Amino acid sequence: DMSAPSDSVQGHPLSAAADAQRHREILAAGVSGLLLVLLKVAKRTSAEQFASLAQLVTDSNGALVVLKFLNQDLSTAMDERDSQPVMSGLCYLPSGTTLPPSWLACATLRLVGVLYMLCKDSPERVRKYLIHYKA
């Protein structure tokens, strides 16, 4: 039987486009979370390690990629989803805050944290990013 595979996950029908969008959101949340954890650990461990990692991210245009991600239409980031994240534990938030309703919201919050860590106390870096981003 060569019937097409069912596009459903736990009883919720998904179109190919919706499935691809969810996949991109989960990847963005995972990558942003990993980068944020690496920066936080490096900052806590040693100033030289943090400066080296921040410079590596900067040299590889990581901040520009973050700015481009944040420039997209994020109006749907806070919309409720039909299903909860499969691994909601990966979306860590400080105590007292609620879980974002989507992986896109989670990724956005993490990327703002990454951008803040890269640009904190460095106004010349902010100007450089904005000039390169506008170009």
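In the predicted model, helices α3 and α5 pack at an angle of about 60°, and their axes lie 10 Å apart. The crossing in which α3 passes α5 is right-handed. On the α3 side, the residues involved are A63, L64, L67 and K68, which meet Y129, H132 and Y133 of α5. Classified by residue type, this contact comprises five nonpolar residues, one polar residue and one charged residue.

Helix α3 also contains V66. This residue is buried, because its relative accessible area of 5% falls under the 20% cut-off. When residues up to four places away in sequence are disregarded, V66 touches L111 and L115. A further spatial relation links V66 to T108: the two residues are separated by 42 positions in sequence, whereas their C-alpha atoms are 9.1 Å apart in space.

Helix α5, which spans residues 123–134, is also approached by α2. The axes of α2 and α5 come within 12 Å of each other and cross at roughly 15°. Since angles under 35 degrees count as roughly parallel, α2 is therefore assigned as roughly parallel to α5. The crossing of α2 past α5 is left-handed. The contact is formed by A54, Q55 and T58 from α2, together with R125, K128 and Y129 from α5. In composition, the residues of the contact between α2 and α5 divide into two nonpolar, two polar and two charged. Y129 of α5 takes part in the contact with α2 and also in that with α3.

The arrangement of α1 was examined next. This helix covers residues 16–45, a total of 30 residues. From the first C-alpha to the last, α1 reaches 43 Å, close to the 44 Å expected at 1.5 Å a residue. The buried positions of α1 are E25, A28, A29, S32, G33, L36, L39 and A42. The cover over these buried residues includes α2 (47–59), α3 (62–70) and α4 (103–119).

Taken together, these results place α2 and α3 in two settings. Both helices are included in what covers the buried residues of α1. With respect to α5, α2 passes in a left-handed crossing, whereas α3 passes in a right-handed one; the corresponding angles are roughly 15° for α2 and about 60° for α3.

Conventions:
Residues are numbered from 1 along each chain as its sequence is written. This is a predicted model: local features need pLDDT of at least 70, side-chain atom pairs count only at pLDDT 80 or more; totals for chains, interfaces and linings use all residues. Side-chain values use heavy atoms; hydrogens and water are left out. Helices (H or I, at least four residues) and strands (E, at least two) are DSSP runs, numbered from the N terminus. The expected span of a helix is 1.5 Å times one less than its number of residues. Buried means under 20% relative accessible area, exposed over 50%, partly exposed in between (1.4 Å probe, protein chains only). Contact means heavy atoms within 4.5 Å. Axes are lines fitted to C-alpha atoms, for helices over the stretch in contact, and angles run from 0 to 180 degrees between N-to-C directions. Angles under 35 degrees count as roughly parallel, over 145 as roughly antiparallel, 65 to 115 as roughly perpendicular and the rest as oblique. A crossing is left-handed if the near helix is turned anticlockwise from the far one by less than a right angle, and right-handed if clockwise. Ala, Val, Leu, Ile, Met, Phe, Trp, Tyr, Cys and Pro count as nonpolar, Asp, Glu, Lys and Arg as charged, and the others, Gly among them, as polar.
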